[in-house]
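Here is a short report on one protein chain. It takes the salt bridges, then the cores, the overall fold, and the confidence of the model.

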Amino acid sequence: MGIFYNITQRAIELFYNEKLSPEEAWEEAWNELNVELSMIKKSCPKRVYLGFCYNNRLQELNFNIRTGNNKNYNYANEGYRLYINDNSIRDMKIADLWRTIMRNLNEDENKAPNNQLDVLSA
């Protein structure tokens with residue numbers, strides 16, 4: 001897994017152990033892992049992470065904040081739905097999982113992922 005997997009893992013730890021807000025936990029994870037500045041500009045993984053937080057996917061969070069129509073969150077949420085409902089998904093390669101997600105959401109299967117599934121894998 002890549003840097004966004006590590007950031008997500010650390011943000012989840014900070015969220016639960018340090019009782020930081022999802023946003024604070026994400027930012028602190030960035031800082032602790034000394035991620036290069038150019039990587040910080042990638043918003044797709046952060047949006048996926050926040051989408052999971054705000055839609056009670058990390059545990060049973062009591063947030064009722066809408067994330068709006070965010071494609072990145074929708075991609076990861078579909079992956080999560082597949083993961084929960086189909087054990088064979090766990091053995092899929094990321095590229096195959098991505099194509100399945102895109103097909104299920106009626107999106108272009110040739111669209112390249114942008115680290116959204118690293119967050120899901122965490």
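## Salt bridges

K46 and E27 form a salt bridge, with their closest N and O atoms 2.8 Å apart. K46 belongs to helix α4 and E27 to helix α2, so this pair ties together parts that lie 19 residues apart in sequence. K46 is partly exposed, at 25% relative accessibility. E27 is partly exposed too, at 36% relative accessibility. These values come from a predicted model.

The count of salt bridges comes to 6. Three of the pairs are set out below.

| Pair | N to O distance | Relative accessible area |
|---|---|---|
| K46 and E27 | 2.8 Å | K46 25%, E27 36% |
| E78 and R81 | 2.6 Å | E78 10%, R81 38% |
| R103 and E109 | 2.9 Å | R103 42%, E109 32% |

E78 and R81 sit within a single helix, α5 (residues 71-85). They are 3 residues apart, about one turn of that helix. Is E78 buried or exposed? E78 has a relative accessible area of 10%, and the cut-off for buried is under 20%, so E78 counts as buried. Its partner R81 is partly exposed, at 38%.

R103 meets E109 through their side chains, at 2.9 Å from N to O. R103 is partly exposed, with a relative accessible area of 42%. E109 is partly exposed as well, at 32%. Elsewhere, R10, E13 and E32 are joined into one network by salt bridges that share partners.

## Nonpolar cores

Which residues touch the most other members of the largest nonpolar core? They are I7, A11, A25, W26, W30 and Y49, out of 15 residues in that core. Helices α1 (3-17), α2 and α4 (44-54) are the elements that each give two or more residues to it. The largest share comes from α1, with 6 residues. A second core lies apart from this one. It has 8 residues, including L82, I89, W98 and I101.

A25 deserves its own look. Leaving aside residues up to four places away in sequence, A25 touches A11, L14, F15, L20 and Y49.

In soluble globular proteins, nonpolar side chains tend to be buried together.

## Overall fold

How many helices and strands does the protein have? There are 7 helices and 0 strands. Along the sequence the pattern reads α-α-α-α-α-α-α.

The protein has 122 residues, and 34% of them count as buried. About 7,400 Å² is exposed. Carbon and sulfur atoms supply 43% of that area. Consider next the contacts with a separation of 6 or more. Residues 24 or more positions apart account for 51% of them.

## Two loop residues with positive phi

Most residues other than glycine have a negative phi. Two residues here go the other way. K19 is not a glycine, yet its phi is positive, about 60 degrees. K19 is found in the loop between α1 and α2. It is exposed, with a relative accessible area of 67%.

N106 is the other case. Its phi is positive, about 55 degrees, although N106 is not a glycine. Where does N106 lie? N106 is in the loop between α6 (94-104) and α7 (116-121). With 73% relative accessibility, N106 counts as exposed.

## How far to trust the model

The average pLDDT of the protein is 76, and 79% of the residues score at least 70. Confidence is highest in helix α2 (residues 22-32), with a mean of 89. It is lowest in helix α3 (residues 37-40), with a mean of 66. Residues 59-68 have a pLDDT below 50. Beyond near neighbours in sequence, that stretch has 16 contacts in the model. Where pLDDT is low, the predicted coordinates should not be read in detail.

Key:
Residues numbered from 1 in each chain as written. Predicted model: local features only at pLDDT ≥ 70, side-chain atom pairs only at ≥ 80, totals over all residues. Heavy atoms only, no water. pLDDT = per-residue confidence, 0-100. Helix = DSSP H or I, 4+ residues; strand = E, 2+ residues; numbered from the N terminus. Contact = heavy atoms within 4.5 Å. Core = buried A, V, L, I, M, F, W, Y, C linked by side-chain atoms within 4.5 Å. Buried < 20%, exposed > 50% of the residue type's maximum accessible area, 1.4 Å probe, protein only. Areas by Shrake-Rupley, 256 points an atom, 1.4 Å probe, with all protein chains shown as cover. Salt bridge = Lys/Arg side-chain N within 4 Å of Asp/Glu carboxyl O.
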